[in-house]
Amino acid sequence: MSLLMSDPSIKVTKIARKIYDRQFEIDPKLDVEYDDNRKKLMYDDILINIGYLDTAIQFDDAKIFGDYAIWIYQLLCNIMKDLDRDRIKEQMIMHYQILNDSLSDVLSEEEAKKADIFIKNAIELTKKEAIEFNVLNEFELSNYVDVNKKYLDYLLKNDSNGAYKFIENLFKIGYTLEEIYIDILQEVMNEVGDLWHRQEITVDKEHYCTSTTKVILSQFYPLIFSSTKKNAKILICTVGSELHEMGARMISDIFEFHGWDSIYLGAAVPNQFVLKAIEENKPDLIALSVTMPQQLVICHELVNLIKEKNISAKIAVGGRGFLSTDKLWEKWVVDISTDNALELVKWAETNILEKMEK
Ligand code: B12
C-alpha cells in the first residue's frame with residue numbers, strides 16, 4: 001500500500017481540505033460559481049481523486065488515473081451546464097496542479113515521481129477531452145440495438161411488468177440465455193450508467209433499472225438450475241466495498257447453466273470471509289469481480305492471500321475495474337481475466353473440466 005493510505009500519521013481528509021482551501025484562494029470566482037451543494041461535492045471529489053491517484057501509484061498504472069480524469073471531466077461538464085467546458089477544464093487543471101504540489105510533501109520520492117507523471121497525463125487528457133468531447137455511443141453500435149432500446153424504454157417508463165414480459169418473450173422466440181444476459185441486459189445496464197453520467201436520468205431511475213433487471217434475471221432460475229451437473233464448482237463474489245454485483249451474479253448464473261455448481265457470495269465480502277468460504281467449499285475456480293478501480297487493491301491482497309494458503313483452485317479476475325487498467329491482471333498471480341462471462345466458461349472448460357476428465 002502506498003504511503004498515502006497506509007501511514008496513519010497522514011490524514012487524507014486534512015490534505016483534501018488544504019487542496020480545497022487553496023483552490024478557492026487562488027480562484028475566487030469559484031465562490032460565485034459554487035453553491036453549498038457544489039462545494040460539498042467538490043470536497044468529496046477531492047477525496048475520490050486522491051483515492052484513484054493512490055491506486056494508480058500503487059499499481060504503477062497511468063491508465064487508472066487517466067481514464068478517471070476523462071470520466072470526471074465529462075461528468076462535471078454534464079452536471080454544471082451553467083459553466084462552459086473551458087472554464088471546467090481550467091478548474092480541473094488548477095485542481096491537478098494543487099494536488100501535485102500538496103502530495104509532493106507527503107509521498108516518498110518514488111511515489112511523488114509517479115504522481116507527477118500521472119497528474120501531468122491527466123492534465124493533457126483533460127485538455128484533449130475539452131476539444132474533442134468523446135461522443136462515441138457504443139449502445140447505438142450494438143447488433144441488438146433495436147431490442148435493447150425497447151427494453152430500455154420499458155425501464156425508463158417504470159413499466160416493470162412490460163419489461164419482464166418483453167424479456168420472457170425474447171427467450172420464447174429463441175434468444176439464448178447468454179444473449180439475453182450479456183448482449184441485452186448487460187448492454188442496457190451500461191447504457192443506464194451512461195444516461196446517468198450524461199445526467200439524462202437521476203439516481204432513483206438508475207436504481208429502479210438495476211433492481212428491475214435483477215428481478216428479471218431470477219425468472220431464468222428454473223432453467224439455470226435444471227442443467228446436468230459436471231461435478232465442478234465456482235465460487236464468486238465482489239471484494240472490498242464493491243457494490244456492483246450484477247456482473248458477478250451473471251457469471252455465477254451462466255456457470256450454473258453450463259453445469260457447474262455455483263457458490264455466489266454476493267457483494268462486498270471481506271477478504272477473511274472469502275478465504276473461509278473457499279476453504280469450506282473447495283471450489284475449482286474462484287472468480288473475483290471489481291468494478292471500481294479503488295477496490296483493485298483489496299482484490300490484489302485477496303489473490304495473494306489465496307496463493308499464500310496454497311489453495312490450488314484457478315483464479316479469475318474481471319469486471320470493469322480491470323478494463324480501466326493497463327492489463328494489470330497480467331502482473332498478478334491469477335490464471336485469467338476477461339470482460340465476458342461466456343469467454344470465462346469456455347476457458348474453464350478447456351483449462352479445468354478437460355483436465356479433470358484426463
Ligand atoms: C447498477 C450500477 C450501480 C448500482 C449497483 C447495484 C448492484 N446491485 O450491482 C449502485 C447504485 C450500487 C452503484 C453505485 C455506484 N456506482 Co455504479 N453503476 C451501475 C451501472 C449502471 C451498471 C453496472 C452493472 O450492473 N452492469 C451490468 C453487468 C452485467 O456488467 P459488468 O458488471 O460489466 O459485468 C460483466 C463483465 O464486466 C464481466 N465481469 C464482471 N465481473 C467479473 C469477474 C470475473 C472473474 C470475470 C472473468 C469477468 C467479470 O462479466 C460480466 C458479465 O458479462 C454501471 C454502468 C456500467 N457501465 O457498468 C455504473 C457505474 C459502474 N457506476 C459508477 C459509479 C460512479 C458509481 C458510484 C461511485 C456512484 C456514487 N456516486 O455513489 C457508486 C459506487 C458504489 C460502490 N462502492 O461500489 C460509474 C463508475 C465510473 C468509474 N469512474 O469507474 C459507472 C460506470 C456509471 C457511469 N457510466 O459513470 N452503481
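**Exercise 1.** Between which domains does the ligand lie, and why?

*Solution.* Start with the ground rules. This is a predicted model: local features need pLDDT of at least 70, side-chain atom pairs count only at pLDDT 80 or more, and totals for chains, interfaces and linings use all residues. Residues are numbered from 1 along each chain as its sequence is written.

Step 1: list the domains. The assignment gives domain 1 (3-132), domain 2 (138-219) and domain 3 (228-357). Such bounds come from an automatic or database domain assignment.

Step 2: see which ones supply the shell. Domain 2 and domain 3 both give residues to the shell around the ligand, so the ligand lies between them.

**Exercise 2.** Describe the shell around the ligand.

*Solution.* Step 1: find the residues. There are 40 around the ligand, and G193, M246, G247, S289 and G318 come nearest. A residue is near a molecule or strand if its C-beta atom, placed from the backbone, lies within 6 Å of it.

Step 2: find the elements. Those giving two or more residues include α5 (62-79), α11 (177-197), α14 (246-257) and α18 (341-357). Helices (H or I, at least four residues) and strands (E, at least two) are DSSP runs, numbered from the N terminus. The top giver is α11, with nine residues.

Step 3: sort by class. The shell has 18 nonpolar, 16 polar and six charged residues. Ala, Val, Leu, Ile, Met, Phe, Trp, Tyr, Cys and Pro count as nonpolar, Asp, Glu, Lys and Arg as charged, and the others, Gly among them, as polar.

**Exercise 3.** How do α11 and α14 pack?

*Solution.* Step 1: take the geometry. The angle is about 175 degrees, and the axes are 11 Å apart. That makes α11 roughly antiparallel to α14 (an angle over 145 degrees). Axes are lines fitted to C-alpha atoms, for helices over the stretch in contact, and angles run from 0 to 180 degrees between N-to-C directions.

Step 2: name the residues. L177, E178, Y181, Q186 and M189 of α11 meet M246, M250, I254 and F257 of α14. Contact requires C-beta atoms, placed from the backbone, within 7 Å.

**Exercise 4.** What is the strand order of the open sheet?

*Solution.* Step 1: read the order. The five strands run β2-β1-β3-β4-β5, with parallel pairing. Strands pair if DSSP finds at least two bridges between them.

Step 2: mark the edges. These are β2 (261-269) and β5, each pairing on one side only.

Step 3: check one pair. Six bridges join β1 (residues 233-239) to β2. I234 has S262 in β2 as its bridge partner.

Key. Parallel < 35°, antiparallel > 145°, perpendicular 65-115°, else oblique. Contact = placed C-beta atoms within 7 Å.
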